[in-house]
Amino acid sequence: MTLDIQQFEHFLKIDAKTFNQVDLNSLNHYIKRFMYTVPFENINVQNGVPISVNVDDLFNKIVHQHRGGFCYEMNTLFQNYLKEKGFHLDCVSGTVHAPDDSWSRDGSHMSTIVHLDKDYIADVGFGDLPTEAIPITRPDDVHIIHDTNGYYRAITDEDDTIHLQKQIDSEHWRTSYKTQFTPRNWPYFIEHLHYNEHDTRSIFVQNLIITMPKYYGRVSMSNEHLTVTTRHDKQKERVTHDNYKKLIKKHFGIDATIKALES
């Protein structure tokens, strides 16, 4: 399918007259508009609804239904958009560093590397990344991206493995996921999608995850709590059967039923 670019840009509120070049300024504008409009969410996984990465289906889900998705969905659609705009990119796989210090299935995350004056991570489907591209650099020439939600960088090691990192304090950085420059076609991810969609060990099967950057910070929701994070504050609200639909509509623009919260 060829994307309906005009409708897609209208939905994302992209300023296509100003940002119409194959350059970093346009790329950053597209990333920001996508991430501020489309939430990272796994409601279909939680509801047992099959995940499709067909571009027609993704366009319908995100643009017409005002929904989001997780990495395979969001990055697939965004990659198609960038290609339509003339960008040269590679779809790559990543291994996620979990909060408990374990690692996800090797290569199960889908990310994007865009090739401009240098190589950039342009990942709109992770859940905690800045709303702009992250240049991939050597440790001795680090370029740090400052975002409302923190400081980020992408550095390569001696094996050309890319470590996408977030600063956790004044002296330490933590790898959010690691990836490589090796391009991956969709068949590589089929088994990983099946695992993340169906396996009881998958975090997406175990827990509801909805999250979205905001101009003030980030808002996230699980089965138990809605958390609003700003630079200086974090507030939690309990999620219940009675309030969850109001919360997902207010904070994420989603109108959906979540089976686990109905019972």
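The largest pocket of this predicted model has a volume of about 1,500 Å³. Its lining counts 44 residues, and Pro99, Phe126, Asp128, Ile203 and Ile209 are the closest to its centre. A pocket is here an open set of points on a 1 Å grid over the protein atoms alone, with protein on both sides within 12 Å along at least five of seven lines; lining residues have an atom within 4 Å of a point. Grid points are joined across faces, edges and corners, and the volume is the space filled by probe spheres set on the points. By class, the lining of the largest pocket divides into 17 nonpolar, 19 polar and 8 charged residues. Ala, Val, Leu, Ile, Met, Phe, Trp, Tyr, Cys and Pro count as nonpolar; Asp, Glu, Lys and Arg count as charged; the others, Gly among them, count as polar.

Several elements supply at least two residues each to the lining of the largest pocket. The helices among them are α5 (71-84), α6 (186-198) and α7 (203-206). The strands are β9 (173-179), β10, β11 (217-221), β12 (225-230) and β13 (234-238). Helices (H or I, at least four residues) and strands (E, at least two) are DSSP runs, numbered from the N terminus. Residues are numbered from 1 along each chain as its sequence is written, and side-chain values use heavy atoms, with hydrogens and water left out. As the model is predicted, local features need pLDDT of at least 70 and side-chain atom pairs count only at pLDDT 80 or more, while totals for chains, interfaces and linings use all residues.

Three of the pocket strands, β11, β12 and β13, are listed together in the lining and are also linked by pairing. Strands β11 and β12 run antiparallel and are joined by 5 bridges. Two strands pair if DSSP finds at least two bridges between them. Serine 220 has threonine 227 of β12 as its bridge partner. The two strands β11 and β12 form a hairpin, with 3 residues between them. Strand β12 also pairs with β13, again antiparallel, over 5 bridges. Here threonine 229 stands opposite lysine 234 of β13. A hairpin with 3 residues between its strands is formed by β12 and β13.

The second largest pocket holds about 250 Å³ of space. It is lined by 13 residues, with Gln79, Lys83, Cys91, Arg184 and Trp186 nearest its centre. Helix α5 and strand β2 (89-96) each supply at least two lining residues. The largest share, 4 residues, comes from α5. The classes are 6 nonpolar, 4 polar and 3 charged. Arg184, one of the residues nearest the centre of this pocket, lies over the face of tyrosine 188, at 4.1 Å from the ring centre. Lysine 178 likewise lies over the face of tryptophan 103, at 4.5 Å from the ring centre. A charge sits over a ring if NZ of Lys or CZ of Arg is within 6 Å of the ring centre and within 35 degrees of the ring normal.

Enclosed space was also found. There are 2 cavities of 30 Å³ or more. A cavity is a set of points where a 1.4 Å probe fits but cannot get out. The largest has a volume of about 80 Å³. Of its 15 lining residues, Met35, Phe40, Val124, Gly127 and Pro213 are the closest to its centre. Strand β10 (residues 210-214) gives the most to this lining, with 3 residues. The lining has 10 nonpolar, 3 polar and 2 charged residues. The second largest cavity has a volume of about 30 Å³. Its lining has 6 nonpolar, no polar and 2 charged residues; Asp123 and Glu132 are among the residues that line it.

Across the whole structure, 16 aromatic pairs were found. Rings of Phe, Tyr and Trp (its six-membered ring) pair if their centres lie within 6.5 Å; planes under 30 degrees apart count as stacked, over 60 as edge-to-face and the rest as tilted. The rings of tyrosine 30 and tyrosine 81 have centres 5.2 Å apart and planes at 80 degrees, so this pair is edge-to-face. Tyrosine 30 lies in helix α2 (residues 24-37) and tyrosine 81 in helix α5, so the pair ties together parts 51 residues apart in sequence. Tyrosine 30 is buried (under 20% relative accessible area, 1.4 Å probe, protein chains only; exposed is over 50%, partly exposed in between), with a relative accessible area of 0%. Tyrosine 81 is also buried, at 0%. Both tyrosines belong to one aromatic cluster with Phe8, Phe34, Phe59, Phe78 and Phe87.
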